[in-house]
Amino acid sequence: MNNYIDNLNWRYATKKFDASKKISKENLEFLKEAMQLSASSYGLQPYEILIIEDQELRKKLKPAAWNQSQITEASHLIVIANKVGFGDELVDAYIQTMSDIRDVPLDSLENAASFMKSKVGAFSSEEKAQWTQNQSYIVLGNLLSAAAAIKVDVCPMEGFDAQAFNEILDLNNKGLNTAVIATVGYRSEEDQAQHYPKVRKRKEELFTTL
C-alpha cells in the first residue's frame, strides 16, 4: 500500500522529456495491458487508443498541441479517442466478445444485451459523446498509475485542438474524437518541475464523511 502512495508522490506532469530515452517493448506492453484492463461502463470500452511512435506524424500534430515540446520529445504519444456516434453495434460487439471469451451461447446473453441497449441507446447524440469521453478519462487514470508503478513518466494533456487532431489522424471518418492525449517517456534532468513539492488540497478540505 505504501509503495502505491510513494509512486503517486513520485509522478508529476512531466514538462520536459529526455528524447534519448525510449520505453522498452516490455514496459509498453505493460502500459497497454493496464489501459486494456481499465474499468468502463458496462465493460463496453467506447473508445480506441492510438499509440503514436512516428516522429513525422508527431511533428504534424505538434502545432495542434500548442507546440508543446512533449509531443515530439517523449518516447510515445498516446491519443485516447472516444466514439461520438454509435448504435446497437457497440453492445452487439461486446456481447459477441463475451460469448467467445466465456464460452457461453449468444442467446443466453440476450437479456443483458437488451438491458444495455435500452440504457445507452436512450442517450442523445450529445450525451453519447459526453459519456464516451468520460470513459476515456478512466483509461488515462489507469495509465498514470501504471506508469508510475514502473517509473515511466507521463504528461496528461488537454492543451490541444481536438478537431485538428481528428483531421490529421482521420478520426472523423471513423466516428471518433480525440478526448485526451498523454505523452509517455522519461523525465529530463533539466525539467525543474520534478523538484517542486506536490500541491494538493488538505484531506480535511477534500473529504467529507457523512
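## Pockets, cores and two contrasting residues

Of the 210 residues in the protein, buried residues make up 40%; the coordinates come from a predicted model, and the values below should be read in that light. The secondary structure comes to 9 helices and 4 strands, which follow one another along the sequence in the pattern α-α-β-α-α-β-α-α-α-β-α-β-α. Taken along the principal axes, the C-alpha atoms fill a box of roughly 60 × 45 × 35 Å. Among the contacts with a separation of 6 or more, 79% are made by residues 24 or more positions apart.

### Nonpolar cores

In soluble globular proteins, nonpolar side chains tend to be buried together. Here the largest nonpolar core has 20 residues, of which Ile-80, Leu-140, Leu-143, Val-152, Val-154 and Val-184 touch the most other members. Helix H2 (25–36), strand S2 (76–83), helix H7 (125–149) and strand S4 (176–185) are the elements that give two or more residues to this core, and the largest share, 6 residues, comes from H7. Val-154 illustrates how separate parts of the sequence are brought into contact: leaving aside its neighbours within four places in sequence, Val-154 is in contact with Arg-11, Tyr-12, Ala-13, Thr-14 and Phe-17, with Leu-143, Leu-144 and Ala-147, and with Ala-182, Thr-183 and Val-184. A second, separate core of 19 residues includes Leu-61, Ile-71, Ala-74 and Leu-176.

### Two pockets

The two largest pockets are set side by side below, with their volumes and the classes of their lining residues.

| Pocket | Volume | Nonpolar lining | Polar lining | Charged lining |
|---|---|---|---|---|
| Largest pocket | about 480 Å³ | 8 residues | 6 residues | 2 residues |
| Second largest pocket | about 290 Å³ | 4 residues | 1 residue | 4 residues |

The largest pocket, with its volume of about 480 Å³, is lined by 16 residues, of which Gly-43, Leu-44, Gln-45, Tyr-94 and Thr-97 are the closest to its centre. Helix H5 (residues 89–102) gives the most to this lining, with 7 residues.

The lining of the second largest pocket consists of Ile-5, Leu-8, Asn-9, Lys-198, Arg-200, Lys-201, Lys-203, Leu-206 and Phe-207. Helix H1 (2–10) and helix H9 (203–206) are the elements that give two or more residues to the lining of this pocket, and H1 gives the most, with 3 residues.

### Asn-82 and Lys-60

Asn-82 is found in strand S2, and Asn-82 counts as buried because its relative accessibility is 1%, which falls under the 20% cut-off. The side chain of Asn-82 reaches the backbone oxygen of Ala-129 at 3.3 Å. Leaving aside neighbours within four places in sequence, the residues in contact with Asn-82 are Pro-46, Tyr-47, Ala-129, Thr-132, Gln-133, Ser-136, Gly-175, Leu-176, Asn-177, Thr-178 and Ala-179; one of these, Leu-176, is also included in the second core.

Lys-60, by contrast, lies in helix H3 (residues 55–61), and Lys-60 counts as exposed because its relative accessibility is 58%, which is over the 50% cut-off. Although Lys-60 and Leu-169 are 109 residues apart in sequence, their C-alpha atoms are 9.9 Å apart in space.

Notes:
Residues numbered from 1 in each chain as written. Predicted model: local features only at pLDDT ≥ 70, side-chain atom pairs only at ≥ 80, totals over all residues. Heavy atoms only, no water. 1 Å grid on protein atoms, 1.4 Å probe; cavity = no way out; pocket = protein on both sides within 12 Å on 5 of 7 lines; lining within 4 Å. Points joined across faces, edges and corners; volume = space filled by probe spheres on them. Nonpolar A, V, L, I, M, F, W, Y, C, P; charged D, E, K, R; others polar. Core = buried A, V, L, I, M, F, W, Y, C linked by side-chain atoms within 4.5 Å. Buried < 20%, exposed > 50% of the residue type's maximum accessible area, 1.4 Å probe, protein only. Contact = heavy atoms within 4.5 Å. Polar contact = N/O pair within 3.5 Å; in protein donor to acceptor, adjacent residues only side chain to side chain.
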